Amino acid sequence: MNGRQNDRQSARTVTGRAGSGGLRARFRGVAVLAAGVLALTACGGGGEGDADAKGGDKAAATTRSVEHDAGTTAKVPAQPKRIVSVSVTMTGHLLALDAPVIASQATPPSVITDKQGFFTQWSEAAAKNSVKVAYQGFEPDVEKVLALKPDLIVGASSGAENAEKFYDKLSAVAPTLLYRHDDVSWQDLTARLGKDLGLEKRAGEVVAAHEKRVGEVKAAITVPKQSAALVRDNQSAMTVFTRQSAQGRLLTALGFTVLEPPAGKGETQGGRSDFAEFSQEKVADTAKDSSLLFVSHTPEEITAATARPVWKDLAAVEDKRVYDLGLDTFRLDYYSAGNLIDTIEKAFG
């Protein structure tokens with residue numbers, strides 16, 4: 001009897017262990033199935049621009065697709081670490097955002113640059129951030145850019161440093177973004193760069209600080225009742241900046257009435273909307289009683305321009321309503337815009 005009881009007890013024990021093992025196996029199966037469902041759900045919910053990251057690829061969290069003025073670029077780092085700027089104009093915007101610029105195109109040294117060809121308004125910021133000269137000149141040196149091992153290239157699709165015809169070559173080195181800077185305010189361009197580079201917060205801070213400064217200076221100055229002609233002397237012709245230019249928008253925000261260019265089509269560069277060139281006589285006739293605000297000139301150049309027969313009898317010259325806006329005002333970014341505001345405050349405060 002005891003033997004049979006022991007046999008039955010042993011049988012129950014073995015059966016219980018087997019049942020427990022089967023139950024555990026079933027739980028493991030459910031867990032695996034649930035994990036599979038979660039993985040599929042995660043793959044199906046990837047962010048915009050991460051179509052190349054299907055299957056749960058880590059790239060989904062680290063890259064994005066960006067629309068810019070030369071097309072759409074995929075696999076743009078969500079947080080770039082090594083940006084090379086192939087536009088000396090765009091470099092100022094990037095530095096204001098504290099973007100990780102490691103090198104930049106430089107222009108031949110002149111009165112508006114430091115010794116290495118960086119614009120004076122941001123050359124100090126470039127030095128502080130150890131920004132190197134990528135190459136000098138307006139045509140991208142692709143081999144030198146390649147040697148810098150960038151994870152992102154940023155450039156211009158307007159102006160002298162327009163890199164559109166080199167876009168394919170640059171894109172073979174690293175994801176490349178090109179932007180027009182002639183038909184937008186520097187604030188709008190800063191906001192766009194902030195969004196595309198994952199620096200939205202910094203972009204908001206930069207623009208907000210500028211707008212606060214504009215409001216303070218507008219309340220503290222007295223602008224001329226006459227319109228303001230934003231001009232640049234080119235010896236045989238005169239460049240007139242429009243109200244849509246970065247300079248025109250800033251002066252308008254400060255309370256000035258910016259003179260529109262003469263009627264008719266002037267000479268422009270690449271369809272630019274921010275300025276056009278006209279004959280000296282046509283500009284003088286249009287300006288008439290307007291105050292003259294010279295963009296990017298030395299004092300000696302302004303004196304020589306206003307001494308010409310076509311200018312010397314204008315009311316602005318006779319009434320001493322001729323103003324020097326500073327050498328760095330041809331291209332406005334956060335830095336040069338701040339310098340221009342300081343100049344306006346001193347002249348009209």
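**Exercise 1. Aromatic pairs**

Let's start with rings: find how many aromatic pairs the protein has, and sort two of them by geometry.

*Solution.* The count comes to 9 aromatic pairs, where rings of Phe, Tyr and Trp (its six-membered ring) pair if their centres lie within 6.5 Å. Planes under 30 degrees apart count as stacked, over 60 as edge-to-face and the rest as tilted.

Step 1: take Phe 119 and Trp 122. Their ring centres are 6.1 Å apart and their planes stand at 80 degrees, so this pair is edge-to-face. Both residues are buried, that is, under 20% relative accessible area, while exposed means over 50% and partly exposed lies in between (1.4 Å probe, protein chains only). Together with Phe 118, Phe 119 and Trp 122 form one aromatic cluster.

Step 2: take Phe 241 and Phe 330. Here the centres are 6.1 Å apart and the planes are at 80 degrees, so the pair is edge-to-face. Phe 241 lies in strand S9 (residues 237-241) and Phe 330 in the loop between S12 and helix H14 (334-348), so the pair ties together parts that are 89 residues apart in sequence. Helices (H or I, at least four residues) and strands (E, at least two) are DSSP runs, numbered from the N terminus.

Step 3: compare accessibility. Phe 241 has 0% and counts as buried; Phe 330 has 21% and counts as partly exposed.

Before going on, a note on the model. It is a predicted one, in which local features need pLDDT of at least 70 and side-chain atom pairs count only at pLDDT 80 or more, while totals for chains, interfaces and linings use all residues. Residues are numbered from 1 along each chain as its sequence is written, and side-chain values use heavy atoms, with hydrogens and water left out.

**Exercise 2. Around Phe 330 and Ser 296**

Which residue lies over the face of Phe 330, and what does Ser 296 touch?

*Solution.* Step 1: Arg 232 lies over the ring face of Phe 330, at 5.0 Å from the ring centre. For this rule, NZ of Lys or CZ of Arg must be within 6 Å of the ring centre and within 35 degrees of the ring normal.

Step 2: locate Ser 296 in the loop between S11 and H11. Its relative accessible area is 5%, so Ser 296 is buried.

Step 3: list contacts (heavy atoms within 4.5 Å). Not counting residues up to four places away in sequence, Ser 296 touches Ile 112, Arg 232, Gly 326, Leu 327, Thr 329 and Phe 330. A polar atom of the Ser 296 side chain lies 2.8 Å from the backbone oxygen of Leu 327.

**Exercise 3. The two sides of H11**

Which residues of helix H11 are buried, and which are exposed?

*Solution.* Step 1: in H11 (residues 299-306), Ile 302, Ala 305 and Thr 306 are buried. They cover an arc of only 90 degrees around the axis, which puts them on the same side of H11; the arc is that of the directions from the helix axis to the C-beta atoms.

Step 2: on the other side of H11, Glu 300 and Thr 303 are exposed.

Step 3: the partners of the buried residues include strand S8 (228-233) and helix H12 (309-312).

**Exercise 4. Positive phi**

Where in the protein is Gln 235 found?

*Solution.* Step 1: Gln 235 is found in the loop between S8 and S9. Step 2: its phi is near 70 degrees, a positive value in a residue other than glycine. Most residues other than glycine have a negative phi. Step 3: with a relative accessible area of 57%, Gln 235 is exposed.

Technical notes: A polar contact is a pair of N or O atoms within 3.5 Å; within protein, one must be able to donate a hydrogen and the other to accept it, and residues adjacent in sequence count only if both atoms are side-chain atoms.
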